[in-house]
Amino acid sequence: MTLPAPAARSTAQRVRGTAQGVRGAAQGVRGTTQGRTPSWRLVWMLPAGLALLAGLDAGLLLLGLPAPIDGSRLPRVHGMLLVLGFVATLISLERATALRRWYGFSAPALLGAGGVLIAVSAVPLVVGQSVLIAGAAAFTLIYIPLWQRQYDAALLTQMLAAGLATVGAIIWLGHDGMDRVLPWLIGFIVLTIAAERVELARITLGPTAGPRLLMRAWAMTAALLLGLVLPDLGAIALGLTLLSLAGWLIVHDVARKTVRAQGVTRFMAACILAGYVWLVVAAIILLFGSASDQRSYDAVVHAVFLGYTFSMIMAHATTILPAVLGIRLPYRAAFWVPAVVLQIALIIRLWVGDGFALAWGWQLGGFMGVVALLLFVATALVCAIIEARSPSRTSSLDKALSGKGAGAAPHKETA
C-alpha cells in the first residue's frame, strides 16, 4: 500500500489527526483516573527521578555547597543527568505513550538506566555513556512510526531534535568535557519543546507553523555542524537561530493573550513566556561567540536548561503528566511558588553571579534553583496525593472528559 505524499495531506487532515491523538490520550486519562489507579508507566519515572536528584546534588557540589551525597563523579555528569537522564526520559515516555507500542518504551528505559549508570561511580562511565547513546537512538526511532501515522512537520522537527541528542551523546563519549556537547543538547531541548508547543497550539499558530519550525530546525542543525569546525561562528549562528525561533514563538503564541486570564491558564502562559525570555537571553549571549569562559558558559547553560526547559515543564505538567502517568494532577495556586522562586533564582545567578562576577550571587541563585525544582516536585506530589485521597471530588479533567464541564475533552490550547 502506497502512503500518501506529505503534500497531499490537507491542513484539516493534520488538525483532525492531532485531535484524534488528543482524544486518545484523554480516553486513556479517563480510564486510569476514574479507577484512581496510576499507570504502570510510573515505573519509568523512577530512574528519571533518581537522575533528577543526582543532578541537583551534583549542582550543589559544583557550587561548592554542602550536598547530601559527595559523589566524586557527579559534578562531571551533572549536565547529562538532567538533560538526558531526566528531561529526555520524561519526553520519550510521553512519545512512547502516544505511540502505544511496547517497543516504544525501550527509549525511556534506556535513557533512565543510562542516567542512573553514569551517576554510580562503581560503574565505568563508558557503560553509562553507551546506554545513553542507545537510549537517544531508540528515542529517535520512535518518531518513524509516529511519522508514518501522521505526516507532520512538527514530528519531523522532534525526530531531528532527538537525532541531535544522539549526536551529542556520541560526542560526549569521545570528548572529555561538555563544551562541544552543549550546543547539541541545546538544539535537542529547544527544538523538542518548541515542536511540542506547536502541537499544543497548532490552531493559533496557524497551518504553516510546522514548516516554519522545521525550517528553523534545519538552520539550527547547520549552525551546530558549523560549530564543529569554527566554534565561534557556530555559536553566533546558533544564537541567531535561537533568537529567530524565540521571536517567532513570542509573537505568535497565544500565551501573550492568555496571560491576562485567571487560574491555570494564566499560570501556564506566564511560565511559557518566561521560558521564551530566558531563551532570548541565551541567544544574545551566544551572539558574542562560543561560551568558552566560565561566566558566559554558566549563563547560557542555565538560561536554556533551567529558564527555558523547566519553565516549560512547569507550564505543561498539569496537562501532560495526567495523560502519561494516569494520575490526577489538578492546578493549584501553590504551583506559583516554585515557578516564581525559579525565576528569581535565575535572575540572581545570571545577573549578580555571572554578570557581576560575584560568587555569592552565583551560589545563592544556584541554591535557589535547586530549591525551586524540589519545591515543584513536592508540590506536584502533594497535589496528586490530595486528589487521589478525595473520592468525593471530581476533578476538572474528569468533568471535561465526561462532557459535564466546559467541553467534551480537555482543550490543548489553554495557554
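Buried here means under 20% relative accessible area, exposed means over 50%, and partly exposed is what falls in between (1.4 Å probe, protein chains only). By that yardstick Thr-89 is buried, at 1% relative accessibility. This is a predicted model, in which local features need pLDDT of at least 70 and side-chain atom pairs count only at pLDDT 80 or more, while totals for chains, interfaces and linings use all residues. Residues are numbered from 1 along each chain as its sequence is written, and side-chain values use heavy atoms, with hydrogens and water left out.

Let's stay with Thr-89 for a moment. Thr-89 sits in helix α3; helices (H or I, at least four residues) and strands (E, at least two) are DSSP runs, numbered from the N terminus. Leaving out residues up to four places away in sequence, Thr-89 touches Trp-44, Ala-48, Leu-84, Pro-108, Leu-111 and Gly-112, where contact means heavy atoms within 4.5 Å.

Further along α3 we run into charge. A salt bridge is a side-chain nitrogen of Lys or Arg within 4 Å of a carboxyl oxygen of Asp or Glu, and by this rule the count comes to six. One of them joins the side chains of Arg-95 and Glu-94 at 2.9 Å, N to O, and both of these residues are buried. Arg-95 also forms a salt bridge with Glu-196, with the closest N and O atoms 3.9 Å apart. Arg-95 lies in helix α3 and Glu-196 in helix α7 (residues 182-200), so this pair ties together parts that are 101 residues apart in sequence. Arg-95 has 7% relative accessibility, which puts it among the buried residues, and Glu-196 is buried too, at 17%. Zoom out a little and Glu-94, Arg-95, Glu-196 and Glu-199 turn out to be linked in a network of salt bridges.

Helix α7 has another charged partner to offer. Asp-253 forms a salt bridge with Arg-197, the closest N and O atoms being 2.8 Å apart. Asp-253 is in the loop between α10 and α11 (255-258) while Arg-197 is in helix α7, so the pair ties together parts 56 residues apart in sequence. Asp-253 is buried, with a relative accessible area of 2%, and Arg-197 is buried at 2% as well.

Now for the rings. Rings of Phe, Tyr and Trp (its six-membered ring) pair if their centres lie within 6.5 Å; planes under 30 degrees apart count as stacked, over 60 as edge-to-face and the rest as tilted. The structure holds twelve such aromatic pairs. Take Phe-267 and Tyr-331: their ring centres are 5.7 Å apart and their planes are at 40 degrees, so the pair is tilted. This pair links distant parts of the chain, with Phe-267 in helix α12 (residues 263-286) and Tyr-331, 64 residues away, in the loop between α13 (294-325) and α14 (336-355). Phe-267 is buried at 1%, whereas Tyr-331 is partly exposed at 24%. Tyr-331 also pairs with Phe-335: the centres are 6.5 Å apart and the planes at 20 degrees, so that pair is stacked. Phe-335 is buried, at 1% relative accessibility. Together, Phe-267, Tyr-331, Phe-335, Trp-336 and Phe-376 form one aromatic cluster.

Move into helix α14 and you'll find Gln-343, which is buried at 17% relative accessibility. Neighbours within four places in sequence aside, Gln-343 is in contact with Ala-274, Trp-278 and Ser-311. Just past this helix, Ala-357 lies in the loop between α14 and α15 (359-388), and its phi is near 55 degrees, a positive value in a residue other than glycine. Arg-100, in the loop between α3 (78-99) and α4 (106-119), also has a positive phi, near 60 degrees. Most residues other than glycine have a negative phi. Ala-357 is partly exposed at 46%, and Arg-100 is exposed at 59%.

Finally, the surface. Leu-225, Leu-226, Leu-228, Val-229, Leu-230, Leu-233, Ile-236 and Leu-240 make a nonpolar patch of about 700 Å². Patches are made of residues with over 30% relative accessible area and no salt bridge, with like charges joined within 9 Å and nonpolar side chains (Val, Leu, Ile, Met, Phe, Trp, Tyr) within 5 Å; accessible areas come from the Shrake-Rupley method with a 1.4 Å probe, and for residues only the protein chains shown count as cover. Helix α9 gives the most to this patch, with four residues. Leu-240, for its part, lies in helix α10 and is partly exposed at 49%.
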